[in-house]
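Welcome! Have a look at the sequence and the structure shown here, and then let us walk through some of their features together.

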Amino acid sequence: MTSCHNQRDSGIFVLPNLYGYMETLLIDKTHDESRQGEALAPTTSDPLTFTKRFYIESYGCQMNFADSEVVASILNKEGFGATRNLEEADLIFVNTCSIREKAEQTVRKRLTEFKRLKKQNKELLIGVLGCMAERLKAKFLEEERLVDLVVGPDAYRSLPLLVSEATVGQKAVNVLLSREETYADIAPVRLDGNGVSAFVSIMRGCNNMCSFCVVPFTRGRERSRDDQSILNECRELFEQGYREVTLLGQNVDSYYYVPAEADGSASAPVTFALLLEKVARISPLLRVRFSTSHPKDITDEVLYTMQRYDNICKYIHLPLQSGSTRVLQLMNRTYTQEWYKAKVDRIRAILPDCGISADIIAGFCTEQEEDHLDTLAVMDYAKFDFSYMFFYSERPGTLAARRYQDDVLEIVKKRRLQEIVEKQNQLSLQSNQRDLGKIFTVLIEGDSKKNEREWKGRNSQNKVIVFPKSADSALTKGSYVQVRVTECSQATLRGLLVL
Ligand code: 5AD
Ligand code: SF4
């Protein structure tokens, strides 16, 4: 999976950050750990037409954050405007994640905090959205008695009805999964973005059935979104000033859409490589990223498409999960250690400057020391630029929970995770050192958090680079600049504008 990737529990996330020191965060993995639990609302002010307010907090993967923007769009049409202020909310939503146990605990804790507000305001409605809603279904209403709505990831169109049911005191639940829903026609309301980069969902669900993963159960079968609606959304974003789109799906390489002709007959299918190309052709000034790829599915065609277009970023998130062929087999990943390494070789051959990152799980069922050493060896081989690292957390209902014993002691899992983190720290430092002296095209995302006299931006390889602003006031966020890397730590690149 894996775009459902990213948190604040058993996961550890090591990546280049902005502050000049190495940051190792205990997170429950999303690609953007800093956003976990963030209350989202548009940065621009709402029209005054909204008479009621909703507050939404999102956890988990980028997909969930993108879904919250679909929810916002549906609620806006019902007269609810977003607020970041809990006190003024008529509706509170938590868009939840089930990927590891810790992610669920965080949400439960948060729900008990909302209890107080409900005591003060009897009219207040609280809703649980997303993967936990899907996993726990109506049980939620019994367990968390303060929850009024439980809505699964494919049921957001029924929110208006559910809200009105809940308003009159009925418990409102819809956790039906769909084989078709992609919310293709709903224009997401961009919440809290930087106005430069946006996420665009291209598919939903997952058919892979990795044995550790709850996603196929919470997000259902894989389905691809109409390519035209994706292109329209990306075009509109570009026209609004966005300069980067990230195409999102649990497994983007299996994107496959067959458009219908006007007469109802099927026309040529659109593969992921073709979709990528179509998005890249919107404008050379629009950067295109994607997440997540599955090592078994990413094709040469995708790699060659990336090679042909400068604006398709040279960065691939390629979850490894384990370096041991035996463990990979138990995980049902359908590739071997050799296959993974060959895929890395292929990427390097076609895209020599491509950044590669991974997801890694320590301590999966039956993992022995030699399996763990295999993982460390593949990390060395692949030279990951950064990784999202977790220890295994058994999820009820998954294949692994049913078939295998969670038999690696917690202390061993944590020690192995620590060794994986240390290995990644070394690799990240080496990767950053290799960038010293190089000049990169950087898309400016905004002020650096620490110092407003500095810009923060990203290179094609997805590394953040911080550099001092120049007297040239024409530069703004969304501008492309050339930056020479002059300093690095394990976590950060710093540089100077090349004028
Ligand atoms: N335990 C630990 N990590 C998990 N992931 C998915 N399921 C589990 C689990 N049960 C990790 C995988 C995946 C990422 C999004 O989360 O590495 O790629
Ligand atoms: Fe990713 Fe595998 Fe989970 Fe699908 S089942 S979301 S591919 S980890």
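## Starting with a pair of strands

Let us begin with two strands that sit side by side. β23 pairs with strand β24 (residues 493-497) in the antiparallel sense, and five bridges hold this pairing. To get from β23 to β24, the chain passes through a hairpin of four residues. If you would like to find one spot in this pairing, look for R484, whose bridge partner in β24 is L496. Keep in mind as you look that this is a predicted model.

β23 has another neighbour too. Strand β20 (residues 439-447) runs antiparallel to strand β23 (residues 480-488), and five bridges join them. Here you can pick out V442, which stands opposite V481 in β23.

## Closing the barrel

β20 also pairs with strand β21 (residues 454-458), in the antiparallel sense and over four bridges. In this pairing, L443 has R458 in β21 as its bridge partner.

Which strands close into the barrel, and in what order? There are five of them, and the order is β20-β21-β22-β24-β23, with mixed pairing. From one strand to the next, the twist averages 50°. A handy rule for looking at such parts: in a regular strand, the side chains alternate between the two faces of the sheet.

## Helix α11 and its two sides

Now for the helices. Helix α11 covers residues 337-350, which makes 14 residues. Its first and last C-alpha atoms are 20 Å apart, close to the 20 Å expected at 1.5 Å a residue.

Which residues of α11 are buried? They are Q337, Y340, K343, V344 and I347. These residues lie on the same side of α11, because they cover an arc of only 130° around the axis. Turn the helix around, and on the face away from the buried side you meet the exposed residues E338, D345 and A349.

The buried residues of α11 have several packing partners: the helices α9 (300-308), α10 (325-330) and α12 (369-382), together with the strands β17 (315-317) and β18 (355-362).

## Helix α12, a packing partner

α12 also has 14 residues, and from its first C-alpha to its last it reaches 20 Å, close to the 20 Å expected at 1.5 Å a residue. Its buried residues are D371, H372, D374, T375, V378, M379 and A382. Why do they share a side of α12? They cover an arc of only 150° around the axis, which puts them on the same side. On the other side of α12 you will find E369 and E370, which are exposed.

The cover over the buried residues of α12 includes α10, α11, β18 and α14 (410-434). Just after α12 comes K383, and its phi is positive, near 50°.

## Stepping back to the whole protein

Finally, zoom out. The protein has 14 helices and 24 strands in its secondary structure. Its C-alpha atoms fill a box of roughly 65 × 60 × 55 Å along the principal axes.

How does the radius of gyration of the protein agree with that of a compact globule? With 499 residues, a compact globule would have a value near 23 Å, and the protein has 22 Å, so the two agree. As for burial, 51% of the 499 residues count as buried.

Technical notes. Residues are numbered from 1 along each chain as its sequence is written. Chains are lettered from A and ligands numbered from 1 in the order in which they are written. This is a predicted model: local features need pLDDT of at least 70, side-chain atom pairs count only at pLDDT 80 or more; totals for chains, interfaces and linings use all residues. Helices (H or I, at least four residues) and strands (E, at least two) are DSSP runs, numbered from the N terminus. The expected span of a helix is 1.5 Å times one less than its number of residues. A residue is buried if 20 or more other C-beta atoms lie within 10 Å of its own, exposed if 12 or fewer, and partly exposed in between; C-beta atoms are placed from the backbone. The arc is that of the directions from the helix axis to the C-beta atoms. Two residues are in contact if their C-beta atoms, placed from the backbone, lie within 7 Å. Two strands pair if DSSP finds at least two bridges between them. The radius of gyration is taken over C-alpha atoms; the globule rule is 2.2 Å times the number of residues to the power 0.38. Axes are lines fitted to C-alpha atoms, for helices over the stretch in contact, and angles run from 0 to 180 degrees between N-to-C directions.
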